[in-house]
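Thank you all for coming; please take a moment with the sequence and the structure before I start talking about them. I will go through it slowly, and you are welcome to stop me along the way.

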Amino acid sequence: MSQEINFIIRNADENDIPEVMEVNLRTLPENYWYGFYKFVLERWGDIFLVAEMDKKIIGYIMNRVEDARDPVLYGKENELIKEKKRSIEDIMSSFKNMFSESHKVGHVISIAVLPEYRKKGIGTALLNEAINRMKNNYGTEAVYLEVRVSNKEAISLYKKMGFEEVRIIKEYYRNGEDAYVMVKKL
Ligand code: ACO
Ligand code: ZN
């Protein structure tokens, strides 16, 4: 289980972007340019969070809010995970009922914690706070994300937080790896 560690979760600001980029470059093959971070921060700053310890950024989560009709949530029939068809149909039909502009979903763009600070509850804390804010500040009815099918640690974190795999996107990543789309209804 998690061991005690002193970290705080706070809003990112523009001065944090270089350090956030460093965490991202050290932890993930999906990297973004400075202007992308700046855009996301300006638009959804209240749900762009960092984990800080001794003035050092050791993790981040960046999110955006989208309309529920985002096509990534539906995809092609043959991409649905067969053994989960029933629960997927439940989730999908509830999304389909959201076909109006007032229905918002949160999208976790990226979350990461530096390797030396993992398994201490920081990822959970970042995701928890972001989900609460997406719900309270934007009224999102669900949160979704894409994750490499091989990313055991992240998938296990998401499942623990109540996310379910609803789709596979074939060859989503640059190296040809597939992605799961995982959804948590709020
Ligand atoms: N093995 C198995 N399960 C793990 C592991 C691991 N090494 N690490 C975390 N988990 C799961 C466990 O279920 C754990 O619960 P437990 O502590 O009760 O066993 C749960 O995740 C929560 O762990 P935390 O300590 O809160 O998570 P952590 O701070 O370690 O961060 C994260 C998890 C963000 C996935 C981290 O491993 C990381 O930065 N990985 C590299 C970057 C990455 O893959 N990001 C996600 C990409 S997908 C996306 O961004 C949408
Ligand atoms: Zn995404």
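Four elements, namely S4, helix H4 (122-138), S5 and helix H5 (152-160), each supply at least two residues of the lining of the largest pocket. I should say at once that what we are looking at is a predicted model, and I would ask you to keep that in mind throughout. Which element gives the largest share of the lining of the largest pocket? That is S4, with 7 residues. The volume of this pocket is about 1,100 Å³, and of the 36 residues that line the largest pocket, the closest to its centre are Ile111, Glu153, Ala154, Leu157 and Tyr158. If we sort the lining by class, we find 18 nonpolar residues, together with 9 polar and 9 charged ones.

Let me stay with helix H4 for a moment, since Gly123 has its place there. Gly123 counts as buried, because its relative accessibility is 14% and the cut-off for buried is under 20%. Leaving aside neighbours within four places in sequence, Gly123 is in contact with Ile111, Val113 and Leu157, and two of these names, Ile111 and Leu157, you have just heard among the residues closest to the centre of the largest pocket. Ala154 is another of those central residues, and its C-alpha atom is separated from that of Gly123 by 9.0 Å, with their positions 31 residues apart along the chain.

Now to the metal. Which residues coordinate the zinc ion, ligand 2? They are His107, through NE2, and Glu146, through OE, at 1.8 to 2.1 Å. His107 lies in strand S4 (residues 104-113) and Glu146 in strand S5 (residues 140-148), so the pair ties together parts that are 39 residues apart in sequence. Are these two residues buried or exposed? His107 is buried, with a relative accessible area of 5%, and Glu146, at 15% relative accessibility, counts as buried too.

Strand S4 also holds Val108, which at 4% relative accessibility counts as buried. Its C-alpha atom is separated by 4.5 Å from that of Asn63, although the two residues are 45 residues apart along the chain. Leaving aside neighbours within four places in sequence, Val108 is in contact with Ile61, Met62, Asn63, Leu127, Met134, Val143, Tyr144 and Leu145.

From there it is natural to turn to the nonpolar interior. The largest nonpolar core has 49 residues, and those with the most contacts inside it are Leu127, Tyr158 and Phe163. If we do not count residues up to four places away in sequence, Phe163 touches Leu127, Ile131, Val143, Tyr144, Leu145, Tyr158, Met182, Val183 and Lys184. There is also a second, separate core of 10 residues, which includes Ala142, Val166, Ala179 and Val183.

Stepping back to the whole chain, we have 5 helices and 7 strands, and from the N terminus on the elements run β-α-α-β-β-α-β-α-β-α-β-β. Of the 186 residues, 51% count as buried. Among contacts with a separation of 6 or more, 72% are accounted for by residues 24 or more positions apart.

I would like to finish with a few loop residues. Most residues other than glycine have a negative phi. Against that background, Asp54 has a positive phi of about 45° although it is not a glycine, and its place is in the loop between strand S2 (49-53) and strand S3 (56-67). Lys119, found in the loop between S4 and H4, likewise has a positive phi, near 65°. Both side chains belong to residues that count as exposed, Asp54 at 71% relative accessibility and Lys119 with a relative accessible area of 77%.

The last residue is Asn175, in the loop between strand S6 (164-169) and strand S7 (179-185), which counts as exposed at 55% relative accessibility. How far apart in space are Asn175 and Pro29, C-alpha to C-alpha? They are 9.8 Å apart, while in sequence they are 146 residues apart.

Terms used: Residues numbered from 1 in each chain as written. Chains lettered and ligands numbered in written order. Predicted model: local features only at pLDDT ≥ 70, side-chain atom pairs only at ≥ 80, totals over all residues. Heavy atoms only, no water. Donors = N, O, S within 2.8 Å, 3.2 Å for Na, K, Ca; no water. Buried < 20%, exposed > 50% of the residue type's maximum accessible area, 1.4 Å probe, protein only. Core = buried A, V, L, I, M, F, W, Y, C linked by side-chain atoms within 4.5 Å. Contact = heavy atoms within 4.5 Å. 1 Å grid on protein atoms, 1.4 Å probe; cavity = no way out; pocket = protein on both sides within 12 Å on 5 of 7 lines; lining within 4 Å. Points joined across faces, edges and corners; volume = space filled by probe spheres on them. Nonpolar A, V, L, I, M, F, W, Y, C, P; charged D, E, K, R; others polar.
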